[in-house]
Amino acid sequence: MPGFRATTIAGKTFWLVASLLACGLAQAQSQTLSVAAYPAVDEIIKGAIPTWNKLHPDVPIRLISREMENHHTAMTTALSTRSNLPDVIALEFSRLGRFASAGGLLDLAQPPYLIGQYQSRYVPFAYKQGTTKGGAVVAAPTDVGPGTLLYRADVLQKAGVTEAELTQSWESFVTTGLKIKARTGAYLVSNAGDVKDILIRSGIKPGDGLYFDAQGNVLVDSPRFVRAFELARTIRQNKLDGKIPAWSNDWTQGFKSGGIATQMSGAWLAGHMAAWIAPTTKGLWRVTQLPEKTWAAWGGTFYVIPKNAQNKAQAWEFIKLMTLNRDLQLNAFKVRDAFPALLDAHTDPFYDEPLEFLGGQKARQWWREAAMNIQPIGVNKLDNIADEVVNTELDKVLNHGKDIRAALADAKALLDKRAHRYDARRLQ
Amino acid sequence: MPTATTRAVCNNRPMKRLPRLSPELAPYVFLSPFVILFAVFGIFPLVFSFYLAFQTWEPTGGLAAMQFVGLDNFVFTLQDEWFWKSMRNTLWLALATGMAQHLVAIPLAYFIHTSYKRTRNAVMGIYFLPYITSSVAIAMMFSTLFSTDYGLINQALHGIGQIPGLGWLAPAQPIDWRNTAETIKPAVATVVFWRYLGFNVVLYLAALQTIPQDIYEAATMDGAGRWQQFWHITLPSLKPMMYFGVTLSVIGGLQLFEEPFMLIDHRGGTDQAGLTTAMYMYRTAFDFNDFGTASAMSWLLFLFVALLTWLTNRAFKEKQA
């Protein structure tokens, strides 16, 4: 008999209550600047504390670090009760929309913060990503994850194919994959779903989101999704993917052994590969732009200030230090692979240095190009569920041969139901 | 007896009397630690969740962001095909694991009871071990066992296939247990069965020890064999414990969360084949930020658990009569 599963929910409730109780404590500590973050943003902040202490010796930083999921859950709880709120919260790229839309975050465009004066110093898409539909700028970007294609040069060479063939178009990406599979046995990609994920990000109209347009209409049956699903299906049907989930043992093993020929990801993956995933493959990997010059971001970090934070002025000083200080931004890049959101940092000679792991390629220049070309995507609070709905339908297409148009129509019906749940009530 | 010295000290510093607790107040004061904790961690979440079930709430917008929506959350949940899919998954897992646990635990407990004397507790302890093992350790261990290329389970199946005449038992390709919709539920059920079998064995062993030895002796005198004794004495005597065990399995099975969450993934795996209602509820609240619907879902699940518990009660009562 399984134990009482309500413990998880009870745990969340406990934090809810504990937050209320700790409210008094938070007030007593008003002279401390509390910052909540997750790995490895917490390490970057730790590295910046000496600089902060020199500038603000009377305001010590209290860093609260939690695992990524727990951090975002805890921040949801803190914002929901408006108590025991940290002064600064780090938010991950994919969660930003949800937090930004609810109205619990400070508008940094308003006096005395006026973040607008620094807009030209940030990577353009990252700055716009922190802007809500109403024009409020609720988040300042600190790092971005420009997406590129990592590929195994040795596998391509063995298969007798070139980088140009691989990236000319998404269709040529797949046909090249067929040659790679036939001649080397290596999978083109770890998972067909990765290709769908990137293709649905290709060709989004300005103002539209990934799954919804600005008016909240569902877009999952648009040609963008049809093409993404078709390509993913071709990949699966031709056994060009290993059905390997990211971060699994088979995934890292595939990179080490050359069983996976390419991987689309943010700039940071090369650092992880070199450090621990596949250090023995040094010199075998290369970076290039995604097929059809598709531009997309994988991850990224933003700093926000809750409206009810105790030390708003100091919090803003902290955010300015973390996001606008060239040395700190560069240091985060050098030590933690956090690609700077600050444009001033992009001119450093560090970008022109060859990367040993990537066969001496000056890959940082590629990432810089990608970062400058990414377009902001509109966010909707139902993005998370839309992602889930679309992935579930893709599973049905790939594994059970469901018709693509039927799958997307079903996804649209499910999302329509959720998107328009309260419409009738609002009209009344 | 106090010595002269201690008496002197006491005289120098007369002891302050603690304020007396009146006998009327005493019970309340002594009860208060429990009552306060229960109110905060027991009653409050219940009431709050019931209140939330009638609201729509974007939690990051603060408590003021709540809006009353009447029964919308309940109506939506009942029309939500994912809710029913999760219910079907949950029922499948509850039935498969619950039945298997009890059908194996009863004979196993009987076997341990009759075959081991001195080492009985040690054997029982071994079976109980999975129950007290950390879920994370279990998930890690079974992930390795179920691995497609290197897992022991696929290796064993392959090994069986090598035995002449048993080739049909082994699949042509290694089974991707955790990523194939058809094998996710059996994989999760195996873990749940393995984990909670020992708990049920302990329940039945405890019940077996309460059956008077005289009955078995009398039956032996009457010429009853071991099978007849099991069927006509042991099983009927175990009925109250079966009722208790089955009730716990029904409640636990319908609230299944940890095992699929850790073994597969938080999505419930390919085609959500391992998504249980408790997981869907959790995701609705914490991944999809819809606390109102999640609360409504939790109350619907509660009603369903209550109904099945009542049916279990009815089923066992009828048999007793």
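Is B:Q272 buried or exposed, to judge by its C-beta neighbours inside 10 Å? The legends below describe a predicted model, and the first of them gives the answer.

**Figure 1. The loop that holds B:Q272 in chain B.** This residue lies between α11 (258–263) and α12 of chain B. B:Q272 has 22 C-beta neighbours inside 10 Å and therefore counts as buried, since the cut-off for a buried residue is 20 or more. The backbone of B:Q272 is also notable for its phi, which is near 55°, a positive value in a residue other than glycine. For comparison, most residues other than glycine have a negative phi.

**Figure 2. The loop that holds A:K239 in chain A.** Here the view is centred on the loop that joins α11 (223–237) to α12 (249–257) of chain A. A:K239 is not a glycine, yet its phi is positive, at about 55°. A:K239 counts as exposed because it has 12 C-beta neighbours inside 10 Å, and a residue with 12 or fewer falls in that class.

**Figure 3. The cis peptide bond from A:P39 to A:A40.** The omega angle of this bond is near -10°. A:A40 belongs to the loop that follows β1 (33–37) and precedes α3 (41–55) in chain A. As a general rule, most peptide bonds are trans.

**Figure 4. The cis peptide bond from A:P111 to A:P112.** Two prolines are joined in this view, and omega is near 5°. A:P112 is placed in the loop between α5 (93–100) and α6 (124–129) of chain A.

**Figure 5. The contact between chain A and chain B.** Chain B contributes 38 residues to the contact, and chain A contributes 34 residues. On the side of chain B that touches chain A, the elements giving two or more residues are α2 (26–52), α8 (181–208), α10 (226–254) and α12 (277–286) of chain B. Which of the elements of chain B gives the largest share of this side? It is α8(B), with five residues. By residue class, the side of chain B that touches chain A comprises 19 nonpolar, 13 polar and six charged residues.

**Figure 6. The two domains of chain B.** Domain 1 spans residues 4–52, and domain 2 spans residues 72–320. Taken over C-alpha atoms, the centres of domain 1 and domain 2 of chain B are separated by 43 Å.

Note on methods
Residues are numbered from 1 along each chain as its sequence is written. Chains are lettered from A and ligands numbered from 1 in the order in which they are written. This is a predicted model: local features need pLDDT of at least 70, side-chain atom pairs count only at pLDDT 80 or more; totals for chains, interfaces and linings use all residues. Two residues are in contact if their C-beta atoms, placed from the backbone, lie within 7 Å. Helices (H or I, at least four residues) and strands (E, at least two) are DSSP runs, numbered from the N terminus. Ala, Val, Leu, Ile, Met, Phe, Trp, Tyr, Cys and Pro count as nonpolar, Asp, Glu, Lys and Arg as charged, and the others, Gly among them, as polar. Domain bounds come from an automatic or database domain assignment.
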